[in-house]
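Grab a pencil and work through a few short exercises on a protein model. Each task comes with a solution you can follow step by step.

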Amino acid sequence: MTTRRSFLSGAATLIGAGMVTKAGAASVPEAPVQSSAATQGPLMPPNGRPYNPVVTLNGWTLPWRMKDGVKEFHLVAEPVVREIAPGMTANLWGYNGQSPGPTIEVVEGDRVRIFVTNKLPEHTSVHWHGQRLPNGMDGVTGLTQPGIAPGKTFVYEFVARNAGTFMYHPHADEMAQMAMGMMGFWVTHPKDPKLHAVDRDFVFLLSAYDIDPGSYTPKINTMTDFNLWTFNSRAFPGIDPMVVRKNDRVRIRVGNLTMTNHPVHLHGHTFEVTGTDGGWVRPAARWPEVTTDVAVGQMRAIELVADEPGDWAFHCHKSHHTMNAMGHSVPTMIGVDHSGVAQKINNLVPGYMVMGDKGAAMGDMQMPIPENTLPMMTGRGPFGSLDMGGMFTVLKVREGLARNDYKDPGWYQHPQGTVAREWTGELPAAPRAPGAPPSRPAEAMDVKRDGDMHHHH
Ligand SMILES: [Cu+2]
């Protein structure tokens, strides 16, 4: 994670995207691009009304220009290369150099003009998910506008009427374009910056890809059987931590543009859902949670007081969504006869070993995997492998951080005597379930799970 940037220092790291259509070149603002997958600090409002900026996890906020009182943005839909995590890149489609596209931040009541240039090989459009706007600005190809042909620039213009949490994505060949990563976040801040104010406000989208081990491009016909589960097109350990000060009020806004629901779960704290893509939840209608389901096409804003120092896991609670690609192409082998399976996998990966019959936690083992493929769980913590990949990150709560310090502080230093440890002393009795047979060595387990071998190949 880099330190926060002001508009000017941020602008120095941005590169113009180059020419747009010849007709629009004179009147369309430069389209900045982002080339780093690191989280960019908040973009302080350079002009216009003040607000409390958000931080996009492994992403960035799109700068704008003010023209005659209108905030002008320029999105460029184009093929991009996204590092999913160190060791794997994907050929995706996105906006302004990255998938997902940059976050758009405006203030309630702003008049907003967004130029969209299409550098894809097929038509596209942009739908402003959740916005109240004139029907002709809704971005549904064929229904409210013609598709934006390759090489063309369209302009959208509306007033951001409601403060809240939104997203944008194509309404044109959606199955392909969203499977390729075309999506972005949109936050409309309240006109009164004291309303709904928090100390740290993180945003990201959930997206999923099906990229065969050893390849680079998502398979766009996949309906449910994805193998890469991501926050902002990054898989753990490629996802930055969310760094907060002890006792900060923290908001985390999550939008789901995958094809299944994701119960997102935070350790060590309780939170309330304070917003949806429909608006703010009235305080009397909120209740405490540690997990909230984010259904397909939904957004949820959760809020908590980060009053427990530590490194707290934040992840999707579907266990196969905290694994990377290899976990989906390897059978579960606990207690299963291995003969024949190693040969099968060796056809894909020379030298591959079968997952052990003592469980799947092989994060500390080294084995060859195909080129451009993430091991199924690779994240390492201060105590060894985390056995995690996919939709997983860490909320790092620390005392004494500066207000705008988002730098990774490293691993939590646990106070002495507060870490679970081996015990070799005297033990209380461990009663067994009534009628249970005597315990056996683990090697004799006969757990058998069929159907885990996904035949992608
Ligand atoms: Cu999930």
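The exercises below go from the whole chain to single strands and residues.

Two notes before you start. This is a predicted model, where local features need pLDDT of at least 70, side-chain atom pairs count only at pLDDT 80 or more, and totals for chains, interfaces and linings use all residues. Residues are numbered from 1 along each chain as its sequence is written.

**Exercise 1. Find out what the protein chain is built from, and which stretches have pLDDT below 50.**

Step 1: Start with the elements. The protein chain has 3 helices and 26 strands; helices (H or I, at least four residues) and strands (E, at least two) are DSSP runs, numbered from the N terminus.

Step 2: Look at confidence. The mean pLDDT (the predictor's confidence in each residue, from 0 to 100) is 84, and 81% of the residues reach 70 or more. Below 50 you'll find residues 350–358, a stretch with 24 contacts beyond near neighbours in sequence. A contact means that two C-beta atoms, placed from the backbone, lie within 7 Å. Residues 449–457 are also below 50, with 10 such contacts.

Step 3: Read those parts with care. Where pLDDT is low, the predicted coordinates should not be read in detail.

Step 4: Check burial. Of the 457 residues in the protein chain, 42% are buried. Buried means 20 or more other C-beta atoms within 10 Å of a residue's own, exposed means 12 or fewer, and partly exposed is in between, with C-beta atoms placed from the backbone.

**Exercise 2. Work out which strands pair with strand E16, and in which sense.**

Step 1: Locate strand E16. Strand E16 spans residues 249–256, and 7 of its 8 residues are buried.

Step 2: Take one partner. Strand E13 (residues 200–209) pairs with E16 in the parallel sense over 7 bridges; strands count as paired if DSSP finds at least two bridges between them. Asp-201 has Arg-251 in E16 as its bridge partner.

Step 3: Take another. Strand E22 (residues 299–305) pairs with E16 in the antiparallel sense, over 7 bridges.

**Exercise 3. Is Ile-252 buried or exposed, and what does Ile-252 touch?**

Step 1: Place the residue. Ile-252 is found in strand E16 and stands opposite Ile-302 in E22.

Step 2: Count neighbours. Ile-252 is buried because 23 other C-beta atoms lie within 10 Å.

Step 3: List the contacts. Leaving out residues up to four places away in sequence, Ile-252 touches Phe-202, Met-242 and Ile-302. Val-55 sits 197 residues away along the chain, yet the C-alpha atoms of Ile-252 and Val-55 are separated by 9.5 Å.

**Exercise 4. Which members of the largest nonpolar core touch the most other members?**

Step 1: Know the term. A nonpolar core is a set of buried Ala, Val, Leu, Ile, Met, Phe, Trp, Tyr and Cys residues joined through C-beta atoms within 7 Å.

Step 2: Read off the answer. The largest core has 87 residues, and Leu-75 and Met-167 touch the most other members.

Step 3: Follow Met-167 outward. With residues up to four places away set aside, Met-167 touches several residues, including His-129, Phe-185, Trp-186 and Leu-257.

Step 4: Add some background. In soluble globular proteins, nonpolar side chains tend to be buried together.
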